[in-house]
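Ready for some practice in reading a protein model? Work through each exercise with the structure beside you, and try it yourself before you read the solution.

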Amino acid sequence: MSMMADGRSNAADGSEQLLTFILNGEEYGVDILCVQEIRGWSTPMPIPNTPSYIKGVINIRGDVVPISDLRERLGLPRQEYGPTTVVVVLRVQSTSGERVMGVVVDAMSDVTNVPANSIKAPPTFDDSGDTGLTKGIATLDSKMIAILDVRRIFGTALAGAKAAA
């Protein structure tokens, strides 16, 4: 794995570094630069009138952070939370500033260095060209990793939570 001293991937080597995790037995990843921290599961405070995948909010060092069940957000079957369940706290820059949200995943996998030429565009399934919440598919040896578009996960999730407020 090619890592710089600060933990970022080396753009000069044409690779992207992903934090990978497991959902429904499959591997997914997000750009490691969007990851703020990884926390064990703890029950969030529920917020009324939010989408079902928004499980509530938790306090992280004085900040109120919404928690989204990524399985539900992606339309996967629900599963009871267990000892490997973790919350990945993500942050992303948007036009209205930085947003932070935690996503519940089944288990952590690894930090994976993915060569740029191993990342393919996600398939489209209708004429709209919409690729859902995936921004690419990485193919590495015998496995594939769906690379999630954190901005789209945040955009729809937070817009839904704000509209309900």
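**Exercise 1. Find what share of the contacts with a separation of 6 or more comes from residues 24 or more positions apart.**

Step 1. Start with the term: a contact means heavy atoms within 4.5 Å.
Step 2. Among the contacts in the chain with a separation of 6 or more, 53% are between residues 24 or more positions apart.
Step 3. Keep in mind what you are looking at: this is a predicted model, in which local features need pLDDT of at least 70 and side-chain atom pairs count only at pLDDT 80 or more, while totals for chains, interfaces and linings use all residues. Residues are numbered from 1 along each chain as its sequence is written, and side-chain values use heavy atoms, with hydrogens and water left out.

**Exercise 2. List the secondary structure of the chain and state how much of the chain is buried.**

Step 1. Helices (H or I, at least four residues) and strands (E, at least two) are DSSP runs, numbered from the N terminus.
Step 2. With that rule, the chain has two helices and eleven strands.
Step 3. Reading from the N terminus, you meet the elements as β-β-β-β-β-α-β-β-β-β-β-β-α.
Step 4. For burial, the cut-offs are under 20% relative accessible area for buried, over 50% for exposed, and partly exposed in between (1.4 Å probe, protein chains only).
Step 5. Of the 165 residues in the chain, 43% are buried.

**Exercise 3. Trace the open sheet of six strands and say which strands stand at its edges.**

Step 1. A reminder first: strands of a sheet pair through backbone hydrogen bonds, either parallel or antiparallel. Here, two strands pair if DSSP finds at least two bridges between them.
Step 2. The order in the sheet is β8-β1-β2-β11-β10-β9, and the pairing is mixed.
Step 3. β8 (107-115) and β9 each have a single partner strand, so they stand at the edges, and one side of each is left without a neighbour in the sheet.
Step 4. Begin at the β8 edge: β1 (residues 15-23) pairs with β8 in the antiparallel sense over eight bridges. Phenylalanine 21 has methionine 108 in β8 as its bridge partner.
Step 5. Next, β2 (residues 26-31) and β11 run parallel, joined by two bridges. Tyrosine 28 is the bridge partner of alanine 146 in β11.
Step 6. β11 (residues 143-148) also pairs with β10, in the antiparallel sense over six bridges. Two residues lie between these strands in their hairpin, where aspartate 141 takes a positive phi near 45 degrees.
Step 7. Finish at the other edge: β9 (residues 119-120) pairs with β10 in the antiparallel sense over two bridges.

**Exercise 4. Describe the surroundings of glycine 136.**

Step 1. Glycine 136 is in strand β10. That strand (residues 134-140) is mostly covered, with five of its seven residues buried.
Step 2. Glycine 136 has a relative accessible area of 0%, so it is buried.
Step 3. On the β11 side, glycine 136 stands opposite isoleucine 147.
Step 4. Now compare sequence and space: lysine 120 is 16 residues from glycine 136 in sequence, but 5.5 Å from it in space, C-alpha to C-alpha.
Step 5. Leaving out residues up to four places away in sequence, glycine 136 touches Ile119, Lys120, Pro122, Ile145, Ala146 and Ile147.

**Exercise 5. Search the whole structure for aromatic pairs and describe what you find.**

Step 1. Rings of Phe, Tyr and Trp (its six-membered ring) pair if their centres lie within 6.5 Å; planes under 30 degrees apart count as stacked, over 60 as edge-to-face and the rest as tilted.
Step 2. The search finds one aromatic pair.
Step 3. Tryptophan 41 and tyrosine 81 form this pair, at 4.3 Å centre to centre with 50 degrees between the planes, and it is tilted.
Step 4. The pair links distant parts of the chain, 40 residues apart: tryptophan 41 is in the loop between β3 (35-40) and β4 (54-60), and tyrosine 81 is in the loop between α1 (70-73) and β6 (86-94).
Step 5. Are the two residues buried or partly exposed? Tryptophan 41 counts as partly exposed because its relative accessibility is 26%, and tyrosine 81 is partly exposed with a relative accessible area of 30%.
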